[in-house]
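Visitor: Could you take me through this structure and explain the reasoning behind the terms you use for it?

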Amino acid sequence: MGQLCTKCVQLLYDFAVSVKTLLSGVLRDIRECLAEIADCPCLKRKNVEMRWLYKPVLHPYEEETAQDFLQHIERGFEMSSLGKISLEALKTLAFSDHPGLQMLAALYYLHISQDLNIQLSQEHLETYYALLKSNDLEVQQISSLSLLSFLLEGNVTKEHVIEMDLLEPILELLESDDINIQGNSCACLMMLADSEACRNAIAAAGGTIPLLSLSKSHDIGVQQNAVQAIFNLTGSEWIQRVLVRQSALPILTHLLESPDTEVQYYSCAALSNVATNSQHHKAMLHVGDRFLLQTLLSLLSSGVNKISNQACICLRNLATNEFVLTSLVAMQIQSRLLPLLTFSSKEIQQNSVILLQILSQHPGNQDALMSNEMLQALGELLLTWRTDPVIVGHMACLLKNLSLSKNIQKILESPCIKGLLQAIHSAHVLDDSLFYVISCLAELVKHEGATVHIVALMDEPWINHLVKLANQVEQTELSFQAAFMIKHFVRHEEVVTLLKTHMNQVQQYLMKYLIHREIRFQHLGITTLCALQKDPDFLAAFSSSELKKHLDEICQQTEIMQELLSVAIGHMEA
């Protein structure tokens, strides 16, 4: 623990002098109680709003403790600031009825919260309970601020805060009339709600209702902290249901129009979390006449990147039914997404492509998404991020959805095909994303014009990679789609020439296909074999290979099977 600077020592010394003066005055005049006012119903309010209407008793041991503690401060914290002696003194001060003594404890915690490098023990949190329940406004302000500081710096275990029953006074402070106390308590809940156990405790204690109320506060700081706390709470599906029942959706939806960007962002992020559960979609879309969709569309064009990105995520989560899919395209969402594809933020580009891919799943949207500008932007994005599995995978699915006969020429004229071919070479594009790329290209080569275009762009390393994929029969669908492409390519002499340098690998995958248990693999292997045998070199190689022996065996088995079938059918007819 470091030493106090001269300025801080002087400030604490001045405060110590003030407290000593106050103590002497309190000792002369105690227990002046106004009984009639104390019985008034206005005092039967929550503890957070009560104020003592008498001068509290100052016990001799409290005065002695305060004086010893002040001397401890004046010595510049020569002893450990969180030692056993300090803890006992802080407890005495905190649990005192006198606000001056509580203030001393609160200020002490505020000071050490600035540079504490160890965990605050649970015993100190017990002291906090008394400070947060204090009837003195300034004590509430300072103690809630220092607790927030401890939480922000990670000096307090969040679960310990709940275990020590500090949630009760924190929630009570939400209803304070003081803006600073409201903001501090909201921020404490925001930090606590990062923990699953804590967020459930907050909701179970009824913390969502006051937070929703403060999310409409006229103080922007309080509003920001309240909305961020709500966002953290929406990490729980159970709390999402609680918030929906408490009419949180209209509140969060209208906060999207807040002039403050932080409030916009966290309200949008909270709605995005709720939208991950499709059972809430009806309630979300019920707010106004497509008001949520219209507002989210406008936020796509926000000047703040994280807001644009979050609006894109929220729309993506909502786009799970036909009404939303068709409504968004009817509202010209494509014109809003087009600029996002050229954004400097990779995350925004990823989410824009994902949303476009979801929209393209509906047949009624495909024509609207097929503009030359859109395909050009998609192709350039694919060339830029051909090593990114998220962009590559979703882009391939999007292009496959758009690969109708009438659209093929537009796709071929864009940079998209070149981007897909380059993506196959990337070592980073594996598993699902690679399968989506191969599936997209396999869909395209069903059209002869696309096959010719792709063949013109192929080289030896690319065809080598395709043969390797065909050989990986353990990856069933990926292997089949790669072999399907090869079958279409071998109609072109230049591809056959490229394949000759990989003749052994070609024979290996064809043999695997011929003995595969699935008929579609066997059929694909035989048709590819027949096409390749038109080339003299392949014919000579196949004639002296295991392939020839296996085909002879298949023929014999087929002849035997035909004879048996003939006998069986003959008996049936007889």
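What follows is a conversation about a predicted model.

Visitor: What is the confidence of the chain, and where is the pLDDT below 50?

Guide: The chain averages a pLDDT of 85, and 84% of the residues score at least 70. Over residues 23-67, however, the pLDDT is below 50, although this stretch has 57 contacts in the model beyond near neighbours in sequence. The pLDDT also stays under 50 over residues 76-80, for which the model has nine contacts beyond four places in sequence.

Visitor: Why is the pair of Tyr128 and Phe150 called edge-to-face?

Guide: A pair of aromatic rings is described by the distance of the centres and the angle of the planes. The structure holds eleven aromatic pairs. In the pair of Tyr128 and Phe150 the ring centres are 6.3 Å apart, within the cut-off of 6.5 Å, and the planes stand at 90°, over the 60 degrees required, so the pair is edge-to-face.

Visitor: What makes this pair a tie between parts of the chain?

Guide: Tyr128 belongs to helix 6 (residues 122-132) and Phe150 to helix 7 (residues 137-153), so the pair ties together parts that are 22 residues apart in sequence. Both Tyr128 and Phe150 are buried, and ring pairs link Tyr108, Tyr109, Tyr128 and Phe150 into a cluster.

Visitor: Why is the pair of Phe538 and Phe542 called tilted?

Guide: The centres of the Phe538 and Phe542 rings are 5.6 Å apart, within 6.5 Å, and their planes are at 45°, which is neither under 30 degrees nor over 60, so the pair counts as tilted. Both residues lie in helix 34 (residues 536-543), where they are four residues apart, about one turn of the helix. Phe538 has a relative accessible area of 0% and Phe542 one of 3%, and because both values are under 20%, both residues are buried.

Visitor: How do you know that Asn407 is buried, and what does Asn407 touch?

Guide: The relative accessibility of Asn407 is 5%, and because this is under 20%, the residue counts as buried. Asn407 lies in the loop between helix 24 (389-402) and helix 25 (408-413). Its side chain reaches the backbone oxygen of Leu402 at 3.0 Å, and, not counting residues up to four places away in sequence, Asn407 touches Met370 and Leu402.

Visitor: Why is Ile220 called partly exposed?

Guide: The relative accessible area of Ile220 is 39%, which is not under 20% and not over 50%, so Ile220 is partly exposed. Ile220 lies in helix 13 (residues 220-233) and touches Asp260 and Val263, not counting residues up to four places away in sequence. From C-alpha to C-alpha, Ile220 and Gly183 are 9.4 Å apart in space, while 37 residues apart in sequence.

Visitor: What makes you say that the charged end of Lys306 sits over the ring of Tyr265?

Guide: The charged end of Lys306 is 4.6 Å from the centre of the Tyr265 ring, and the cut-off for that distance is 6 Å, with a further condition on the angle to the ring normal. The charged end of Arg520 likewise sits over the ring of Phe480, 4.6 Å from its centre.

Visitor: Which residues touch the most other members of the largest nonpolar core?

Guide: Among the 170 residues of that core, Ile333, Leu441, Phe489 and Leu499 touch the most other members. Leaving aside neighbours within four places in sequence, Ile333 is in contact with Leu297, Leu300, Leu315, Leu328, Leu355 and Leu359.

Key. Residues numbered from 1 in each chain as written. Predicted model: local features only at pLDDT ≥ 70, side-chain atom pairs only at ≥ 80, totals over all residues. Heavy atoms only, no water. pLDDT = per-residue confidence, 0-100. Contact = heavy atoms within 4.5 Å. Helix = DSSP H or I, 4+ residues; strand = E, 2+ residues; numbered from the N terminus. Buried < 20%, exposed > 50% of the residue type's maximum accessible area, 1.4 Å probe, protein only. Polar contact = N/O pair within 3.5 Å; in protein donor to acceptor, adjacent residues only side chain to side chain. Phe/Tyr/Trp six-rings, centres within 6.5 Å; stacked < 30°, edge-to-face > 60°. Lys NZ or Arg CZ within 6 Å of the ring centre and 35° of its normal. Core = buried A, V, L, I, M, F, W, Y, C linked by side-chain atoms within 4.5 Å.
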